[in-house]
Amino acid sequence: MSELASKAEKLDGADELAAKRTEFVLDEVVYLDGNSLGALPAAVPGRVEDVVRRQWGELRIRSWTEGGWWTAPERIGDLIAPLVGAAAGQIVVGDSTSVNVFKALVGAVRLARLADPGRDEIVVDATTFPTDGYIAESAARMTDCALRPVPPAQVPGALGERTAAVLLNHVDYRTGRLHDLPSLTAAVHAAGAYAVWDLCHSAGALPVDLDEHGVDLAVGCTYKYLNGGPGSPAYLYVRAGLQDRFDSPLPGWNSHVEPFGMRPDYQPAPGALRGRVGTPDILSMLALEAALEVWDGVPVDAVRAKSLALTDFFLECVEAYVPEGRVECLTPRAHAERGSQIALRCEDAGAVMTRLIERGVVGDFRHPDVLRFGFTPLYVGFADVERAARALAEVLGGTPGAGGA
């Protein structure tokens, strides 16, 4: 056994989250793509079968009340809340991330204009995931705002009296860089604007602390580190102090104060319910609810500690095994600037990832030359990490255990 393999064995033996691995459906594959789609929690298939066979098949329409379908969006939102540092009653689950970005961003502009109608600029993360950029451009057109793409580090200097809303990613999807949510939120507030955060690559992997840092609005998906399944519904966070003024651009019957009144005029429901729109996707929503059971008793700080340990160990193994010059790490080394993935620049990244998958190591790549490895602390172990680095070295022509750079 190599020195690093022996170290992995010791680290796994001391891992306080190791038992969580048994709560997922896994095989011999090293799965490092949970930053795209989380593994299947073992409780989900049985819950989905019950929803389909008993609740839908037997209770039918009665399940909206007897099965708790009607209250699922806010009930499940309250399960997500502690994972992002939010008190209950501020998160509603439903719709896609893109739809929720639109609600949040237009809602933020409307909030800003309540105090200052002259605010006519939206600042967006210049490195954002493309959909966020598309939504921001559309929101700007619909609200008669100018759109300014700005790299996150330059946002404080770009803000002014015209800025209405700022849309930022907590973790860069491509590089895994963690942006400074507390200081950037404070800078946005100092400029009199509203902060909207995309948590897709951070929720379930590291502390977010929305309430503590006064974040105004936030959105996130649930199929990555929250393991909700393909296409599982996203969520919208609206800070409690803003809820009575939050004006959603997508009012629907589900967010009406009297949804079954079928009134022609719209009056919004109180609280986070204003973020609802239409009939929720019950099958995927209740699958998500079952998936979130794996978080019972899991402190987010413990998840973060293991995430950093896993990514540190992966970099150690890559440096030991992979030939010098074959990969370049794009993810910051500093813990305060790192999410829960490692991005490596590599020539022929697509072909390299294909060969890794053939060897039982699953990550992904982003065009043109980035290998991404996501580390989900609830089910990834240190032996997985060592095996992945060893496989990468083999694909790139190294000799694991012989030393590298």
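At roughly what angle do the axes of helix 1 and helix 12 cross? In this predicted model, the axes of helix 1 (residues 3-13) and helix 12 (residues 382-395) cross at roughly 155 degrees and come within 7 Å. Angles over 145 degrees count as roughly antiparallel, and the two helices are therefore roughly antiparallel to each other. On the side of helix 1, the contact is formed by L4, A5, A8, L11 and D12; helix 12 contributes F382, A383 and E386. By character, the residues of this contact comprise 6 nonpolar and 2 charged, with no polar ones.

A further element to consider is an open sheet of 7 strands. Its strands follow the order 4-10-9-8-7-5-6, and their pairing is mixed. The edges are occupied by strand 4 (residues 91-93) and strand 6 (residues 146-150). Each of these has a single partner strand, so one side of each is left without a neighbour in the sheet. From one strand to the next, the twist averages 15 degrees.

Within the sheet, strand 8 (residues 194-198) and strand 9 (residues 217-220) run parallel and are joined by 3 bridges. The residue W197 has A218, in strand 9, as its bridge partner.

The sheet also carries a helix packed on it, namely helix 4 (residues 72-80). Helix 4 touches strand 4 and strand 10 (residues 235-238). The direction of helix 4 makes about 120 degrees with that of strand 4. Strand 4 thus has two roles in this description: strand 4 stands at an edge of the sheet, and strand 4 is touched by helix 4.

Note on methods: Residues are numbered from 1 along each chain as its sequence is written. This is a predicted model: local features need pLDDT of at least 70, side-chain atom pairs count only at pLDDT 80 or more; totals for chains, interfaces and linings use all residues. Side-chain values use heavy atoms; hydrogens and water are left out. Axes are lines fitted to C-alpha atoms, for helices over the stretch in contact, and angles run from 0 to 180 degrees between N-to-C directions. Helices (H or I, at least four residues) and strands (E, at least two) are DSSP runs, numbered from the N terminus. Angles under 35 degrees count as roughly parallel, over 145 as roughly antiparallel, 65 to 115 as roughly perpendicular and the rest as oblique. Contact means heavy atoms within 4.5 Å. Ala, Val, Leu, Ile, Met, Phe, Trp, Tyr, Cys and Pro count as nonpolar, Asp, Glu, Lys and Arg as charged, and the others, Gly among them, as polar. Two strands pair if DSSP finds at least two bridges between them.
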